[in-house]
Amino acid sequence: MYLFKIKFLLFIDVTKYPPICIFKGKQVPRGEIIPKGVICWFQENAWMTSDLMKNYIDFLFKIRMSENLSKESSMMVYDSFRGHLEESVKAKFRQHTFQLAVIPARLTSLCQPLDVSINKPFKDNLRKEWHEWMCQGGAGLTAAGNLKRAKLSDVCGWVKRSWDAIPDQIIFNSFKKCAISNMLDGSEDDMVYEEIDKLIAEYEKENLNELEDDVEIVSN
């Protein structure tokens, strides 16, 4: 399997932009075509470095320019990973007029919308994609009888479909659960905390039932 990381770009208004997959290596293998709706970057260790962060900021700014949002006030919420905190990265954000909100160390699981509400259903979707690929025979076997790894383009397809399947309402409410976009008078807090837990539970139950159905079909 390819070693890779995924960066998601989303806004409180539930705008979901293409996922960025950071793969280990230098370029897309010859003959492979990356599906539309996924962006591929490469780094020798599949790490999100400060240089890639600067590319990420430029990418974000171009999107906002294309949507006439470059002059709108905006805030970037991100965790205290070392590559995020370098002064050159902060300066790049300020250059493009982003207000920065860095989540304190060890609080990502409480304050980062992706960690709190989105990563788990996304990974469940990705696992389901892998299960279906395996049930269909995967990429076959090597001469030694070992499983061949998936093509990079296959992995990108799994990521795209898994991301597209995340309900908009879960993303919207994830910001509420992290108290990023709540009404300042506190009127939304209890309602939204209960609602997002319900949404995630229903979503996970639905996907578990689908996965169980797939397993039953394959086993017959």
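Buried means under 20% relative accessible area, and exposed means over 50%. By that measure, strand 4 of this predicted model has two unlike faces: Ser74, Met76 and Tyr78 are buried on one, while Met75, Val77 and Asp79 point to the other and are not buried. The model has 0 disulfides and 5 aromatic pairs. The points below take strand 4 first, then the aromatic rings, the cysteines and two residues with positive phi.

**Strand 4 and its partner**

- Side chains alternate along strand 4.
- Ser74, Met76 and Tyr78 make up the buried set.
- Met75, Val77 and Asp79 point to the other face.
- Strand 4 runs parallel to strand 5, and 6 bridges join the two.
- Val77 has Ala101 of strand 5 as its bridge partner.

**Aromatic rings**

- The structure holds 5 aromatic pairs. Among them is the pair of Phe23 and Phe42, with ring centres 6.1 Å apart and planes at 35°, so the pair is tilted.
- This pair links distant parts of the chain: Phe23 belongs to strand 2 (residues 20-24) and Phe42 to strand 3 (residues 39-43), 19 residues apart.
- Phe23 is buried, at 0% relative accessible area.
- Tyr78 and Phe93 form another tilted aromatic pair, 5.4 Å centre to centre with 35° between the planes.
- That pair also links distant parts of the chain, with Tyr78 in strand 4 (residues 74-79) and Phe93 in helix 3, 15 residues apart.
- Both rings sit in buried residues: Tyr78 has a relative accessible area of 5%, and Phe93 has 1%.
- Phe98 joins Tyr78 and Phe93 in one aromatic cluster.
- Tyr78 therefore has two roles in this account: a buried side chain of strand 4 and a member of the buried pair with Phe93.- A charge meets a ring at Trp163: the charged end of Lys16 sits over the ring of Trp163, 5.1 Å from the ring centre.

**Cysteines**

- Why is Cys178 in no bond with Cys111? The sulfur of Cys111 is the closest cysteine sulfur to that of Cys178, but at 6.5 Å the two are too far apart for a bond.
- A disulfide needs two cysteine sulfur atoms within 2.5 Å.
- The count by this rule is 0 disulfides. Cys21 is in none, and the nearest cysteine sulfur, in Cys156, is 4.5 Å away.
- Cys21 is buried, with 0% relative accessibility.
- Cys178 is buried as well, with 10% relative accessibility.

**Positive phi outside glycine**

- Thr97 has a phi near 60°, a positive value in a residue other than glycine.
- The loop that holds Thr97 runs between helix 3 (87-95) and strand 5 (98-103).
- Is Thr97 buried, partly exposed or exposed? Thr97 is partly exposed, because its relative accessibility is 44%.
- Ala179 also has a positive phi near 60°, and is likewise a residue other than glycine.
- The loop that holds Ala179 lies between helix 7 (168-177) and helix 8 (189-219).
- Ala179 counts as exposed, because its relative accessibility is 52%.

Note on methods. Residues are numbered from 1 along each chain as its sequence is written. This is a predicted model: local features need pLDDT of at least 70, side-chain atom pairs count only at pLDDT 80 or more; totals for chains, interfaces and linings use all residues. Side-chain values use heavy atoms; hydrogens and water are left out. Buried means under 20% relative accessible area, exposed over 50%, partly exposed in between (1.4 Å probe, protein chains only). Helices (H or I, at least four residues) and strands (E, at least two) are DSSP runs, numbered from the N terminus. Rings of Phe, Tyr and Trp (its six-membered ring) pair if their centres lie within 6.5 Å; planes under 30 degrees apart count as stacked, over 60 as edge-to-face and the rest as tilted. A charge sits over a ring if NZ of Lys or CZ of Arg is within 6 Å of the ring centre and within 35 degrees of the ring normal. Two strands pair if DSSP finds at least two bridges between them.
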